[in-house]
Amino acid sequence: MIYNNSKLNELEIHKILSQNFDELAPIYFKFLSEWMNSSYEKFQDIEKYMIILYLINKDFEFYINNKIVENYDTFFLYDKSLELDQINIIEISKNLNIPKESVRRKIINLEKFGVLQKIGKKIYIDRSAYKLMQPKKTLQNISSLFAKILELCKKDELIVHSMKVDEISYNIKQNFTYCWYCFYNFIFALTNRWKNQVGDLEIFSVSMVIMLHSTVSSSYVVNGLNFSKWKKNKSNMETIGVNAMSISDITSIPRPTVVRKLNYLKKNKYIAVNKKKLYNLNLEDKALKETTKIQEKNIFSLSCFVYKILKQVKIN
């Protein structure tokens, strides 16, 4: 892959993403939805999984600070464990937007689960935690998203050659510790925004299933899924959507919990339900305005993430 370095920058990538998001949306929301589903499945609590990722990211920080890049196979080859002098509850609470007492309680639960261990004054992230976070499906989904972005960059003559999904996956694996440090920071920022908006990450996970469905539905007229330009075609409203049981099966969240989350989203005008009890994206009023703002921030964060990875893995 050969870059025209005078043209490839964060602003140009942001422009590409914003102007072509209708093409990227199905891949982007599939990546986010499947990542959220996987996160819940680990501990039946997304916040617990986020805490583990935050602690493992300290390992990636060590590589970054020491200018070391380790590849995927080497990183997962050995029975890794991470030694920490202490776990800073206040830092985790601030950076993951979780109340301090909740962080403390979840860490105790993670100890019982066996992914954290205290030996003397030291705290260890058990090697089982590394196995839980091994990102096989996420790596594939990110590579698919990047392949589409590179295709669009080539179309706009920002690069000379695009790359196939397998090539991108290989390059990310070769630069794994750097790339995954950037990925986690992107995920932390994105999930914090949505959590601030809708209240908890399980609600966000449920909403992502509906969002993903909407991007492939012929009953939606989408202009890049930039929500300020978003419009709804209600002609087939009674025949489309996804039901609560399907959302529960997809997310692994129990159906009664899914129903509560759906009621919240419906009450706050993020979604609508038809006579067949199928749920659809139906942003209105304040929900549309707020979602537009978050979407714009997330697209900018995605642009920064994409640029950092492309800059790291480029071949001159």
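Confidence in this predicted model varies along the protein chain: helix α13 (residues 255-267) comes out highest, with a mean pLDDT of 96, while strand β4 (residues 220-221) sits at the bottom with a mean of 48. Averaged over the protein chain, pLDDT is 85, and 88% of the residues reach at least 70. Two stretches call for some caution. Over residues 1-6 the score stays under 50, and the model gives this stretch 18 contacts beyond four places in sequence. Residues 219-224 also stay under 50, here with 14 contacts beyond four places in sequence.

Turning to the strands, there is an open sheet of 3 strands, put together in the order β1-β3-β2 with antiparallel pairing. The edges are taken by β1 (82-84) and β2 (116-119); each has a single partner strand, so one side of each has no neighbour in the sheet. From one strand to the next, the twist averages 25°. Strand β1 is joined to β3 (residues 122-125) by 3 bridges, the two strands running antiparallel. As for individual pairs, Leu84 has Ile123 of β3 as its bridge partner.

Helix α3 ties this sheet to the helical part of the description, since α3 lies across β1, β2 and β3, at about 95° to β1. Helix α3 (residues 46-65) also meets helix α5 (residues 89-96): their axes come within 11 Å and cross at roughly 110°. That angle falls in the range from 65 to 115 degrees, so α3 and α5 count as roughly perpendicular to each other. The crossing of this pair is right-handed. On the α3 side the contact is built from Met50, Ile51, Tyr54, Leu55 and Lys58, and on the α5 side from Glu91, Ile92, Asn95 and Leu96. Sorted by class, the residues of this contact are 6 nonpolar, 1 polar and 2 charged.

Helix α3 has another helical partner in α10 (residues 176-198), with axes that come within 9 Å and cross at roughly 145°. The crossing of α3 and α10 is left-handed. From α3, the contact draws on Glu47, Met50, Leu53, Tyr54, Asn57, Phe60, Glu61, Tyr63 and Ile64. The α10 contribution includes a run of aromatic names, among them Phe176, Tyr178, Trp180, Tyr181, Tyr184 and Phe188. Counted by class, 13 nonpolar, 4 polar and 3 charged residues make up the contact of α3 with α10.

What does α10 do with α14 (residues 285-313)? The axes of α10 and α14 come within 10 Å and cross at roughly 175°. An angle over 145 is the cut-off here, so α10 and α14 are roughly antiparallel to each other. The α10 residues in this contact are Tyr178, Cys179, Cys182, Phe183, Phe186, Leu190, Arg193, Trp194 and Gln197. Facing them from α14 are residues including Glu290, Ile294, Leu302, Phe305, Lys308, Ile309 and Gln312. The class breakdown for α10 with α14 is 12 nonpolar, 5 polar and 4 charged.

Tyr178 gives a residue-level view of these helix contacts. Tyr178 belongs to helix α10 and, leaving aside neighbours within four places in sequence, is in contact with Ile64, Lys308 and Gln312. Ile64 is listed in the α3 contact with α10, whereas Lys308 and Gln312 are listed in the α14 contact with α10. Tyr178 and Lys308 are 130 residues apart along the chain, yet their C-alpha atoms are separated by 9.3 Å.

Key:
Residues numbered from 1 in each chain as written. Predicted model: local features only at pLDDT ≥ 70, side-chain atom pairs only at ≥ 80, totals over all residues. Heavy atoms only, no water. pLDDT = per-residue confidence, 0-100. Helix = DSSP H or I, 4+ residues; strand = E, 2+ residues; numbered from the N terminus. Contact = heavy atoms within 4.5 Å. Axes fitted to C-alpha atoms, helices over the stretch in contact; angles between N-to-C directions. Parallel < 35°, antiparallel > 145°, perpendicular 65-115°, else oblique. Left-handed = near helix turned anticlockwise from the far one by under 90°. Nonpolar A, V, L, I, M, F, W, Y, C, P; charged D, E, K, R; others polar. Pairing = 2+ DSSP bridges.
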